Amino acid sequence: MRVITQQTLGGPEVLTIVDAPEPQPLPTEVLVRVKAIGLNPLEARLRAGEFPLIGRPPFILGWDISGVVEESPQTWRFRPGDEVFGMPLFPRPANAYAEFVSAPALHLARKPASLSHVEASALPIVGLTAWQGLVDLAGVTEGDRVLVHGGGGGVGHVAIQIAKALGAHVITTASGSKREFVEGFGPDEVIDYTAVDFTDAVRDIDVVLDTIGGDTAERSLGVLRPGGHLVTATAEDAPELIAKYEAAGMRFSGIAVDPDPVALRGLIDLVERRKLRVHVQETFPFEHVVDAHRLLDSGHLQGKLVLTL
């Protein structure tokens with residue numbers, strides 16, 4: 001089979017396609033013939049060596065996959081021919097930039113017929129991050145005021161829809177160039193952060209979901225109501241900031257997404273009820289992974305990028 005690997009850290013050009021043996025599924029695993037691979041900014045950072053989550057090269061990046069079960073020798077959960085998707089093994093290497101992936105059956109779900117393989121591969125990491133942040137950590141309920149930072153990004157545009165499905169009043173920040181795009185996902189208010197300081201524009205927020213990083217989490221302290229909750233996908237370990245929130249009587253949670261079959265089923269339910277859709281900005285053939293990573297490096301994407309096989 002073909003895999004995309006790298007021998008050194010660096011720019012997109014370090015990614016190369018080589019031949020490798022097919023993985024052999026362990027008990028409780030399935031072998032998936034991959035049809036589409038969702039790309040995430042995290043993978044560009046790992047490729048460049050910004051932090052050593054999966055060690056030093058050589059390695060194979062990727063977690064988000066959608067495909068067809070090829071073999072299921074020692075699990076009752078799936079049979080050959082089943083269409084599945086998921087985010088196996090994260091944060092351990094899943095070696096998903098490949099034609100075949102061996103994955104724990106529990107980390108996958110049946111692909112809804114209403115989603116193409118491209119759309120399904122784009123959903124797991126961003127969908128699980130948003131779900132675990134808003135549903136599991138923050139417990140968003142009807143009537144809550146939720147502020148989503150970065151509504152035009154992968155996690156952000158999915159988070160808007162999840163929060164709306166939970167009955168929240170949703171406010172999001174986005175650049176003016178993304179306003180029309182973001183409005184298509186149904187937020188109640190959109191703040192153009194290039195023109196307006198969000199700290200001057202909103203108050204009495206119950207839950208803030210930060211997908212941006214930088215000083216956004218610290219500045220969000222001033223817009224929360226007493227007892228409000230900040231959930232950040234970018235600063236899990238920030239003791240000084242946590243102390244500030246606790247001193248102000250607020251809650252601070254950092255989220256590190258993990259495989260979650262219950263949340264996957266929750267996302268599928270929203271998809272099937274037409275409450276959730278994932279936007280794919282562009283697809284690239286497997287062979288054009290370098291071009292895809294160049295676009296990934298550029299930032300300011302609308303939704304997700306996907307490799308197809």
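This is a short dialogue on reading a predicted model, taking strands, helices and loops in turn.

Reader: Start with the sheet. What is the order of its strands, and how do they pair?

Author: The sheet is open and has six strands. The order runs β10-β9-β8-β11-β12-β13, with parallel pairing.

Reader: Which are the edge strands?

Author: They are β10 and β13, the latter at residues 251–254. Each of them pairs on one side only. From one strand to the next, the twist averages 15°.

Reader: How do I read a single strand within a sheet?

Author: Begin with the general idea. In a regular strand, side chains alternate between the two faces of the sheet. Then check the neighbours and the burial. Take β8, residues 145–149.

Reader: How many bridges join β8 to β9?

Author: Five, and the two strands run parallel. Two pairs let you find the register by eye. R145 stands opposite H169 of β9, and H149 stands opposite T173 of β9.

Reader: And how many bridges join β8 to β11?

Author: Four bridges link β8 to β11, which spans residues 205–210. These strands also run parallel. Look for L147 of β8, which stands opposite V208 in β11.

Reader: Why is β8 described as largely enclosed by the rest of the structure?

Author: Because four of its five residues are buried. The cut-off for buried is under 20% relative accessible area.

Reader: Is β9 mostly covered or mostly open?

Author: Mostly covered. Strand β9 covers residues 169–174, and five of those six are buried. On β9, look also at the pairing with β10, residues 189–192. That pairing is parallel, over four bridges. A174 has D192 of β10 as its bridge partner.

Reader: What unit do β8, α4 and β9 make?

Author: A right-handed β-α-β unit. Helix α4, at residues 154–165, is the helical part of it.

Reader: Now the other end of the sheet. How many bridges pair β12 with β13?

Author: Four, in the parallel sense, with β12 running over residues 224–232. T232 finds its bridge partner in β13 at G254. A helix packs on the sheet here: α8, residues 239–247. Helix α8 touches β12 and β13, and its direction makes about 150° with that of β13.

Reader: What should I look at when two helices pack?

Author: Two values describe such a pair: the angle between the axes and the distance between the axes. Try α1, residues 41–48, against α10, residues 289–298. Their angle is about 100°, and their axes lie 9 Å apart. The angle makes α1 roughly perpendicular to α10.

Reader: Which residues make the contact of α1 with α10?

Author: From α1 come P41, E43, A44 and R47; from α10 come H293, L296 and D297. Sorted by class, that contact has three nonpolar, one polar and three charged residues.

Reader: Which residues of α1 are buried?

Author: L42, E43, A44, L46 and R47. Here is a rule for spotting helix faces. An α-helix has 3.6 residues a turn, so residues three or four places apart point the same way. The cover over the buried residues of α1 includes β3 (29–39) and α10. After α1 comes G49, with a positive phi near 85°.

Reader: How does the pair α3 and α9 pack?

Author: Helix α3 (124–137) and helix α9 (261–272) also meet at about 100°, with axes 10 Å apart. So α3 is roughly perpendicular to α9. G127, L128 and W131 of α3 meet A263, L264, G266, L267 and L270 of α9. By class, this contact has six nonpolar, two polar and no charged residues.

Reader: Last, the loops. Is D237 buried or exposed?

Author: Exposed, at 71% relative accessible area; the cut-off is over 50%. D237 sits in the loop between β12 and α8. Its C-alpha atom is 9.6 Å from that of I255, and the two residues are 18 apart along the chain.

Reader: Where does G55 lie?

Author: In the loop between α1 and β4 (64–71). G55 counts as partly exposed, with 33% relative accessibility. From G55 to P93, the C-alpha separation is 9.5 Å, with their positions 38 residues apart along the chain.

Technical notes:
Residues are numbered from 1 along each chain as its sequence is written. This is a predicted model: local features need pLDDT of at least 70, side-chain atom pairs count only at pLDDT 80 or more; totals for chains, interfaces and linings use all residues. Side-chain values use heavy atoms; hydrogens and water are left out. Buried means under 20% relative accessible area, exposed over 50%, partly exposed in between (1.4 Å probe, protein chains only). Two strands pair if DSSP finds at least two bridges between them. A crossover is right-handed if, with the strands pointing away from the viewer, the path from the first strand over the helix to the second runs clockwise. Axes are lines fitted to C-alpha atoms, for helices over the stretch in contact, and angles run from 0 to 180 degrees between N-to-C directions. Angles under 35 degrees count as roughly parallel, over 145 as roughly antiparallel, 65 to 115 as roughly perpendicular and the rest as oblique. Contact means heavy atoms within 4.5 Å. Ala, Val, Leu, Ile, Met, Phe, Trp, Tyr, Cys and Pro count as nonpolar, Asp, Glu, Lys and Arg as charged, and the others, Gly among them, as polar.
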